Amino acid sequence: TMFGLFKKKETEKEPEGQAAPAAPKHPAAAALSAQFAPEEFDILAVTGANGFGGARAPGEEYWTVTLPLTAWREDDGPIHQEETCLVALADDKVLAYLRRVAPRDSIIQARVRQSLVDDRFLLVGMPTPMMDRELKAILDEQKKPVTFWESGLGTFTLNRAVGWFELETDWLDQPVRLEFDRDENRADCLLHLHTLMDKQQEWDRRVRDFAADKLLELANQWAQEGGEEEEEPQEVTREDFMSRMELDAVQVYEDGAFDFWFNDGDLFWGHSIHVTGSLEDGPEDAQMEG
């Protein structure tokens, strides 16, 4: 079972080449294990567009990590082509190993336990790369680019890792990325993008003005804190603030809401400037984000 977290005895050795086991009977392991049925079985699975990832509370040693799956089968049974995931508890060393042996867009074999409440699987043994002809056909299909052409804008491509349609284009002669969620109404999102692109000058000015109104004072606080001791910190003027904002991406939603993402031009030491609002009401909030 997985890494000594669930049942492995302390005296057992991890097979050569595998990551070191975590401490047995860890409280977090017990809590996670309780969500899954005790029976163990092997599955073959197709991994999704993202590898193992997860979250860890500050100061904690172990991550709760997940690996998206797009299809799976048990032995020679029927293929279940549905989105689910493997779940595991791992420290940094184990997580790094998992990312190597079970990368995105691959076929793996894994020993698992079924969730008691949903369709997740608890990983209880190190996954291994495998080959399966039918699953390979599914994998090949899911890796094919998904694109469409929109007159006046260009060719959008699906970024499978985030589930967004994206387009690289120019905004006031500077490169920008236009994006919308694939699950949003496509026609509405495209209409909103046309509206913004048709009035770039107006929207660019409104968004930058709003960001300056909200964040100029904060930018000067950062300038004071970041200046060299022997140098007098230079005041960030409103014009300087607006000119240093570098537009990176514009995201729209079917209801007319939008997000403008800017690189900060070192106003906040490399953080992003995020302006939200809607086509109907204009910019409504601006924040400095990491």
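**Strand pairing and Arg73**

Q: Which residue in strand 4 stands opposite Trp63?
A: This is a predicted model, where local features need pLDDT of at least 70, side-chain atom pairs count only at pLDDT 80 or more, and totals for chains, interfaces and linings use all residues. Residues are numbered from 1 along each chain as its sequence is written, and side-chain values use heavy atoms, with hydrogens and water left out. Strands here are DSSP E runs of at least two residues, numbered from the N terminus. Across from Trp63, in strand 4, sits Ala90.

Q: How many bridges pair strand 3 with strand 4?
A: Two strands pair if DSSP finds at least two bridges between them. Strand 4 covers residues 84-90 and runs antiparallel to strand 3, and the bridge count is seven.

Q: Which residue in strand 3 is the bridge partner of Gly53?
A: Strand 2 (residues 53-55) is antiparallel to strand 3, with three bridges joining them. For Gly53, the partner in strand 3 is Thr66.

Q: Is Arg73 buried or exposed?
A: Arg73 belongs to strand 3. Its relative accessible area is 7%. The cut-offs are under 20% for buried, over 50% for exposed and partly exposed in between, using a 1.4 Å probe and protein chains only. So Arg73 counts as buried.

Q: What is the length of the polar contact joining the side chains of Arg73 and Glu134?
A: A polar contact is a pair of N or O atoms within 3.5 Å; within protein, one must be able to donate a hydrogen and the other to accept it, and residues adjacent in sequence count only if both atoms are side-chain atoms. The Arg73 side chain also has a polar atom 3.0 Å from the backbone oxygen of Gly77. Between the side chains of Arg73 and Glu134, the value is 2.9 Å.

Notes:
Helix = DSSP H or I, 4+ residues; strand = E, 2+ residues; numbered from the N terminus.
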